[in-house]
Each structure stands twice: as C-alpha cells, then as structure tokens.
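Hi everyone, thanks for making time this morning. I'd like to walk you through one sheet and a couple of loop residues, so let me put the structure up.

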Amino acid sequence: VVIRRRPVYTVTFDANGGTAVETLTVDEDTILSLPVTTYAGYTFTGWDYDFSTPIMSDTHITASWNPNSDTKYKVEYYLENLDKSDYDLDHTDNLSGTTDTTATAIEKTFDHFTFNSSNSVMSGNIDGDGSLVLKVYYTRDTYQISININEASTLTGGGTYAYGNSVTVSLSSTNLGYRFLGWYSGD
C-alpha cells in the first residue's frame, strides 16, 4: 500500500485596502470559506476567485471595492472673537461625498467679517472613516472712528475698533460761550 500525502499550498489574500486576511496553508482540494474583510467608506464587491473551486496550487486572491457616495465629512466656520485673540466656531455643515475624492468648502459671506484664506483649510480628501473636517476662518472687520469738532474741546473715544465693540465718545469740556448741539455724521 502506498500512502500519498496531499500537497500543501499557500493561499494569500490581498484585501486591497481592507482589513487584513491571514495567509492560509491548506491541503490540495480544499474548498475555502469566504473570508471577511471591511474597508471604511467602501462597499465590498467580491474576491477575484471562485470559492466553490478547490485549491490546486499556491493561490493569491484579491478583494475588490467600490467607494461609497455617502461618506460623511464636515465644514466648520469660525469667526474671530471680539478681542481678536482667537476664533469661535459659528456653525458646522455636515455633508457627504464620495470616498477618496476631494471635497471643497464653500466660502460664505458673514456681515462685518472677511474671509481669511491663510488660516483656512478649504479642501481635502474625503476619508472613508468620515474624519475629514475642513475649517474656514473669517477675521472681524475693524472700523476707524474719527472725531472732529468745530472748536477746541476735550474729546475721547476716537480710534480703531473691531466690529461689535461698544464705544463711548464723550465731550468732557467745551469752550466758554458755546453750547453743545450733538454729534453728526457727514453734514
């Protein structure tokens, strides 16, 4: 009686970006179970092997994926705070797009604020795990208050101020013989 040992073969898997699948060592004529792999932001479309076919040699099997078109990402909009020391989150847009494509934030208009391109991250790759956060920054506009009077008096309150600040303009003394009539802008 001659006993023959079946040949042993190595089966390797290329998850093609998905979670790793361990290499197998199997006997000839083994029918493999379908291995499981996952890939954030992608839909599994199959392996390039017919798993109803027995293994007859060393075999390399590769996974195929399609990117999801509903992968989440965020765009955060920041406005400079009143003392111009930092930025505060104004609002967040929760969006979705196709995995591994480029998302671009929309530049919005905020009254009395100016888009700050140097601090902003306007585009990025939509990662399958939904971790992309684009950040758009706006600096607070400043305004110059100039005070002019017809006669010599002591005034305070002129200068440059950030939008939203409260400013008190005061006339602390007037010339003798004159009566203060009020503040005017223009004529």
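Let's begin at a turn: in the hairpin formed by strand 5 and strand 6, six residues lie between the strands, and K84 there adopts a positive phi near 60°. Before I go on, please keep in mind that this is a predicted model.

Now to the two strands that flank this turn. Strand 5, residues 71-80, runs antiparallel to strand 6, and ten bridges join them. One pair to look for is E80 and Y87, as Y87 in strand 6 is the bridge partner of E80.

Let's zoom out to the sheet. How many strands does this open sheet have, and in what order? There are four, ordered 6-5-10-8, and the pairing is mixed. At the edges you find strand 6 (87-97) and strand 8 (113-121), each of which pairs on one side only. If you look at the twist, neighbouring strands are turned by 25° against each other on average, ignoring direction.

On the strand 8 side, the partner is strand 10, residues 133-140, and these two pair in the antiparallel sense over five bridges. Here T114 stands opposite T139 of strand 10. As a reminder for anyone new to sheets, strands pair through backbone hydrogen bonds, in either a parallel or an antiparallel way.

Next, the loops. T99 sits in the loop that links strand 6 with strand 7 (102-104). Is T99 buried or exposed? Its relative accessibility is 2%, and the cut-off for buried is under 20%, so T99 counts as buried. What does the T99 side chain reach? It comes to 2.7 Å from the backbone oxygen of G41, and it also makes a polar contact with the side chain of T71 at 2.4 Å. Setting aside neighbours within four places in sequence, the contacts of T99 include Y42, P67, N68, I126 and G128.

My last stop is G130, in the loop between strand 9 (123-125) and strand 10. This glycine is partly exposed, because its relative accessible area is 30%, which falls between the 20% and 50% limits. G130 touches T71 and K72, not counting residues up to four places away in sequence. Its C-alpha atom is 5.3 Å from that of Y73, although the two residues are 57 apart along the chain.

One thread to take away is T71: the T99 side chain makes a polar contact with its side chain, and G130 touches T71 as well. Thanks for listening, and I'm happy to rotate the view for anyone.

Definitions and conventions. Residues numbered from 1 in each chain as written. Predicted model: local features only at pLDDT ≥ 70, side-chain atom pairs only at ≥ 80, totals over all residues. Heavy atoms only, no water. Pairing = 2+ DSSP bridges. Axes fitted to C-alpha atoms, helices over the stretch in contact; angles between N-to-C directions. Buried < 20%, exposed > 50% of the residue type's maximum accessible area, 1.4 Å probe, protein only. Polar contact = N/O pair within 3.5 Å; in protein donor to acceptor, adjacent residues only side chain to side chain. Contact = heavy atoms within 4.5 Å.
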